[in-house]
Amino acid sequence: MKSRLSVVAQKVGVSEATVSRVLNGRPGVSAATRNAVLTALDVLGYERPTQLRGERARLIGLVLPELQNPIFPALAEVVGGALAQRGFTPLLCTRTAGGLGEAGHVSMLLEQRVSGVVFAGGHCAEADASHEHFAQLRERGVPVVLLNAAVERLGFPQVSTDDTVAVAQAFAHLTALGHERIGLVVGPEGHVPSRRKLASYVHQYALQGREPRPEWTARALFGLEGGHAAAGRLLEAGVTGVICASDPFALGVVRAARRAGLDVPGDLSVIGFDDSAFINCTQPPLTTVRQPIESLGRAAVELLVGQIDGAAIAPGELLFEPELVVRGSTGPARRRPG
C-alpha cells in the first residue's frame, strides 16, 4: 500500500495523505483532484478500491490502425490534446505485428472501464472485417465516435472528410491542366473511404460523358510500396495524371515513375491525399488534398464528450470539406503513347 500511495501521489503531484483520502472515500479533496487520482490508478494499472469500481475511468481509448502513415500521429495529437483540455486521458492503441489486434485492444479498454473510445480507420472502415467488438461496446453502453468513413451498420456517430469532394477537387485540377487519362490508386475493395473515392472518380468521368478504362484504376495495400506496385499498371495504360488515396501511395507512384524514366510532373502529374507532415518537403513538393485534421479531431471529441455527459447523439455522419493544396507534382499534360 505504501508503494502504491507513493507512486500515485508522484504521478498526480499531491501528497500520499491526499491519495489515501481519495481511496478511503474521506472528505477534504476537490473533485478535480479526486478524478486525477482515480485516473492515475487506471493509467498505472492499479485496481480501484471496491467502493469506487462502479465508476468509469476518465480514460478514452484512441484506436489507430498504424503509426507509419503520418496522418495517424497527427490525428492522435489533435484528439489527445482536445481530450486533455476536457480532463480525460487518452490511451493509444495500435495494431502491431505479433501484438494485440483491434478486438484485443477493445477487451483491454473495457477492463480499464474507459469512458469512451475513438476509432480512426481500422476495422470500422473495412466492410469485410470482424465487427464483434463494436457490438460489445454498444452492449456495454460505452460512447464511441468513428473518425473518417466507416461501415454504416455499426450505428455510431461519425466525423469524416468528404471523400467525394476530395476526388472532385483533384479531378478538376488535373482536367484544368489538360489531362484526359486520369488514373486512381485506392485501398482494398472493402475499404469504405476507397469505395467512396472510386465512386466519385467514376462520377467525374460521367459528368464529361465518358467512362474510365478499367486499367486506369488500381487497388493496393496502403503504404509507399503499395503505391509503387499499383503505378506499374497505370503507367502501362498511359495515364498522364494519378489521384492517390493517401500521400504514401502518391510517393510510391512518384518513385515508380522515376524508375521508369519519367519526369514528375513533366510526364506524370501526381496528387496525394491527407497533406501529411513534411509532404511539402518532397521533391517535387506533393500536390495533395488536405484533410482538416484539427476540425475532425475536435469535432470527434465534442461528440464523444457529449455522449459521456448524457446528451442524445444521433448515429449520423458529420462531413468536413477538404482543401486542394497545389504544389510541384502536378503540371500541364504531355501526350504519352498508348
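In this predicted model, ring pairs join Phe171, Tyr201, Tyr205 and Trp216 into a cluster. This cluster makes a welcoming place to start a tour of the aromatic side chains. A pair of aromatic rings is described by two quantities, the distance of the centres and the angle of the planes.

Across the structure, the count of aromatic pairs comes to seven. One pair is formed by Phe171 and Tyr201, whose ring centres lie 6.4 Å apart. Because the planes of Phe171 and Tyr201 stand at 75° to each other, and an angle over 60 degrees counts as edge-to-face, the pair is edge-to-face. This contact links distant parts of the chain, with Phe171 in helix α7 (residues 163-176) and Tyr201 in helix α8 (residues 192-207), 30 residues apart. Both Phe171 and Tyr201 are buried.

Phe171 also forms an aromatic pair with Tyr205. Here the distance is 5.0 Å centre to centre and the angle between the planes is 80°, again an edge-to-face arrangement. The two partners are 34 residues apart, and their pairing likewise connects distant parts of the chain, from Phe171 in helix α7 to Tyr205 in helix α8. Tyr205 is buried, as is Phe171.

Aromatic rings in this model also meet charged side chains. The charged end of Arg138 is placed over the ring of Phe156, at 4.9 Å from the ring centre. Similarly, Lys197 lies over the face of Phe273, 4.0 Å from the centre of that ring.

Terms used:
Residues numbered from 1 in each chain as written. Predicted model: local features only at pLDDT ≥ 70, side-chain atom pairs only at ≥ 80, totals over all residues. Heavy atoms only, no water. Phe/Tyr/Trp six-rings, centres within 6.5 Å; stacked < 30°, edge-to-face > 60°. Helix = DSSP H or I, 4+ residues; strand = E, 2+ residues; numbered from the N terminus. Buried < 20%, exposed > 50% of the residue type's maximum accessible area, 1.4 Å probe, protein only. Lys NZ or Arg CZ within 6 Å of the ring centre and 35° of its normal.
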